[in-house]
Amino acid sequence: MQNYAFIPSLGMAPEDFWREANSFGWNEHMDGILAYMYTMVRKSRELGIPLTKEKLIHCGRSISFFPGVTDWFDRINRYGEQLTVQVEHYVISSGLKEIIEGSSIAHHFKRIYASSYLYSENGDAQWPAQAINYTNKTQFIFRIAKGFFEEHDERVNDSVREKYIPYENLVYIGDSATDIPCMRLVKSKGGYSIGVFDPEKNVRKKVYQLSETDGSISMPRRITPKTATSA
């Protein structure tokens, strides 16, 4: 999502930015998400370009989507109504929350869980408030299922008999390696995981790798009155 507006604002090609961020993270033994977030701050400061929440939200307005994404929400909501199922949509992303909030589909989500910055009194990005990567994405599956939505709510670790959304009602849609832990978790709990891919690149093998669960198979289950999608 940084490729659409933020990286071009630095005068860089996306491949150059990601090569620099990934190399920096590798050399400094950093988490990849923290490395790219730091690189965004550093490059902005070097060029004297303020990195503010408003700027990132504005960058989100330029995101373009694959065919079918923008009208997916209304279509699946109508389908849910026909089945007397309440559908809720969530995002769990290693991308930036601020950019997602600026996108044309942000209003469809009940919660947006994504990496984000802490801002100074002047509005400049100072420090990561959230850095969401591979396995720590899974905590948000538990938050959604248990209904403990706030990031600081430690009750997510509690055993809960009555789930806000039963795990078997979850449908997780993923497109990258950071989604693998969530996709495996959802399938292991009886839910459903769907791997999607860029139709132009047509890398179908990636889809199978995303949804592999060490041989386990999700069996069809009866849908109870509330479900959710998460991407």
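This report describes the fold elements, nonpolar cores, salt bridges and selected residues of a predicted model.

**Overall composition**

The chain is built from nine helices and six strands, and of its 231 residues 42% are buried. When contacts between residues at least 6 apart in sequence are considered, 57% of them join residues that are at least 24 apart. The accessible surface of the chain comes to about 13000 Å², and carbon and sulfur atoms account for 52% of that surface.

**Nonpolar cores**

In soluble globular proteins, nonpolar side chains tend to be buried together. In this model the largest nonpolar core has 19 residues, and those with the most contacts inside it are F6, M40, L51, L56, L96 and Y117. Two or more residues of this core are given by each of the helices α1 (6–9), α2 (14–27), α3 (32–47) and α4 (53–60), with the largest share, five residues, coming from α3. The surroundings of M40 illustrate how these parts meet: leaving aside neighbours within four places in sequence, M40 is in contact with Q2, F6, F17, L51, L56, L96 and Y117. Apart from this core lies another, of 17 residues, which includes Y113, I141, L170 and L185.

**Helix α2**

The 14 residues of α2 should span 20 Å at 1.5 Å a residue, and the end C-alpha atoms of the helix are indeed 20 Å apart, which agrees with that expectation. Which residues of α2 are buried? They include F17, A21 and G25. Seen down the helix axis, the buried residues of α2 fall within an arc of 60 degrees, so they line one face of the helix. An α-helix has 3.6 residues a turn, so residues three or four places apart point the same way. On the other side of α2, R19, W26 and N27 are exposed, while the cover over the buried residues of the helix includes α1 and α3. After α2 comes H29, whose phi is positive, near 55 degrees.

**Salt bridges**

A search of the whole structure finds eleven salt bridges, and the table gives three of them with the separation of the closest nitrogen and oxygen atoms.

| Pair | N to O distance |
|---|---|
| K43 and E20 | 3.7 Å |
| E46 and K43 | 3.8 Å |
| R111 and E150 | 3.1 Å |

The bridge between K43 and E20 links distant parts of the chain, since K43 belongs to helix α3 and E20 to helix α2, with their positions 23 residues apart in the numbering. K43 has a relative accessibility of 14% and therefore counts as buried, the cut-off being under 20%. E20, at 26% relative accessibility, counts as partly exposed. The bridge between E46 and K43 is of a local kind: the two residues are three apart in helix α3, and so they are separated by about one helical turn. E46 has a relative accessibility of 52% and counts as exposed, because the cut-off for that class is over 50%. These bridges belong to a wider arrangement, in which E20, R42, K43 and E46 are linked in a network of salt bridges.

Which parts of the chain does the bridge between R111 and E150 tie together? R111 lies in strand β2 (residues 111–119) and E150 in the loop between α7 (138–146) and β4 (170–174), so the pair ties together parts that are 39 residues apart in sequence. R111 counts as buried at 19% relative accessibility, whereas E150 counts as partly exposed at 37%.

**Residue Q130 in strand β3**

Q130 has its place in strand β3 (residues 125–130). Is this residue buried or partly exposed? With a relative accessible area of 21%, Q130 is partly exposed, because the buried class requires a value under 20%. Not counting residues up to four places away in sequence, Q130 touches M37, A114, S115, S116, F140 and E151. The C-alpha atoms of Q130 and K97, residues 33 apart along the chain, are separated by 9.2 Å.

How values were computed:
Residues numbered from 1 in each chain as written. Predicted model: local features only at pLDDT ≥ 70, side-chain atom pairs only at ≥ 80, totals over all residues. Heavy atoms only, no water. Core = buried A, V, L, I, M, F, W, Y, C linked by side-chain atoms within 4.5 Å. Buried < 20%, exposed > 50% of the residue type's maximum accessible area, 1.4 Å probe, protein only. Helix = DSSP H or I, 4+ residues; strand = E, 2+ residues; numbered from the N terminus. Contact = heavy atoms within 4.5 Å. Areas by Shrake-Rupley, 256 points an atom, 1.4 Å probe, with all protein chains shown as cover. Salt bridge = Lys/Arg side-chain N within 4 Å of Asp/Glu carboxyl O. Expected span 1.5 Å × (residues − 1). Arc of directions from axis to C-beta.
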